[in-house]
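The following exercises introduce a protein model step by step. Each task is followed by a worked solution.

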Amino acid sequence: QTEGLMFASEVESQFADAPGIKEALATVRKYFPDSIVDYNMLIGYANGILATKALEMAGRDVTRDKFVHAIESMSS
């Protein structure tokens, strides 16, 4: 039974017209043209972007503390 069920998502669906989704789809299709684009792939993509940006912000001599601080200092 699904009556009253509510669903929340961290990312838009692969069918959304949002700029971030368009960028994700273009990137994935460029490097992995045969991959299946779905919700799970988008979560992985978003986590990869987050981790990459945090590593860049943490700097060359990254530590766990610098990495965590970088993530905590990000804004949406």
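**Exercise 1. Charges and surface**

Task: State how many positive and negative side chains the protein chain has, and how far apart the centres of the two sets lie.

Solution. The model is predicted. Its protein chain carries 7 positive and 11 negative side chains. The centres of these two sets lie 10 Å apart. As for the surface, the accessible area of the protein chain is about 6,400 Å², and carbon and sulfur atoms account for 56% of that area.

**Exercise 2. Fold and overall dimensions**

Task: Describe the secondary structure of the protein chain, and set its radius of gyration beside the value for a compact globule.

Solution. Begin with the elements: the protein chain contains three helices and zero strands, which gives the pattern α-α-α along the sequence. Next, take the radius of gyration. For a compact globule of 76 residues a value near 11 Å would apply, but the protein chain has 16 Å. The C-alpha trace spans about 50 × 35 × 20 Å along its principal axes. Finally, consider burial and contacts. Of the 76 residues, 20% are buried. Among contacts between residues at least 6 apart in sequence, 30% join residues at least 24 apart.

**Exercise 3. Helix α2**

Task: Compare the expected span of helix α2 with the distance between its end C-alpha atoms, and identify its buried residues.

Solution. Helix α2 covers residues 39-58, which is 20 residues. At 1.5 Å a residue, these should span 28 Å. The end C-alpha atoms are 28 Å apart, so the two values agree. The buried residues in α2 are M41, L42, Y45, A54 and A58. Their cover includes α1 (19-31) and α3 (64-73).

**Exercise 4. Two residues before α1**

Task: Decide whether L5 is buried or exposed, and do likewise for Q14.

Solution. L5 is placed in the segment before α1. Its relative accessibility is 66%; the cut-off for exposed is over 50%, so L5 counts as exposed. L5 and P33 are 28 residues apart along the chain, and 35 Å separates their C-alpha atoms.

Q14 also lies in the segment before α1. Its relative accessibility is 19%; buried means under 20%, so Q14 counts as buried. Leaving aside residues up to four places away in sequence, Q14 touches I21, L25, V37, D38, Y39 and L42. One of these, L42, is itself among the buried residues of α2. Q14 and M41 are 27 residues apart along the chain, with their C-alpha atoms separated by 9.2 Å.

Definitions and conventions. Residues are numbered from 1 along each chain as its sequence is written. This is a predicted model: local features need pLDDT of at least 70, side-chain atom pairs count only at pLDDT 80 or more; totals for chains, interfaces and linings use all residues. Side-chain values use heavy atoms; hydrogens and water are left out. Helices (H or I, at least four residues) and strands (E, at least two) are DSSP runs, numbered from the N terminus. The radius of gyration is taken over C-alpha atoms; the globule rule is 2.2 Å times the number of residues to the power 0.38. Buried means under 20% relative accessible area, exposed over 50%, partly exposed in between (1.4 Å probe, protein chains only). Contact means heavy atoms within 4.5 Å. Accessible areas come from the Shrake-Rupley method with a 1.4 Å probe; for residues, only the protein chains shown count as cover. Lys and Arg count as positive and Asp and Glu as negative; His and the chain ends are not counted. The place of a charge is taken as NZ of Lys, CZ of Arg, CG of Asp or CD of Glu. The expected span of a helix is 1.5 Å times one less than its number of residues.
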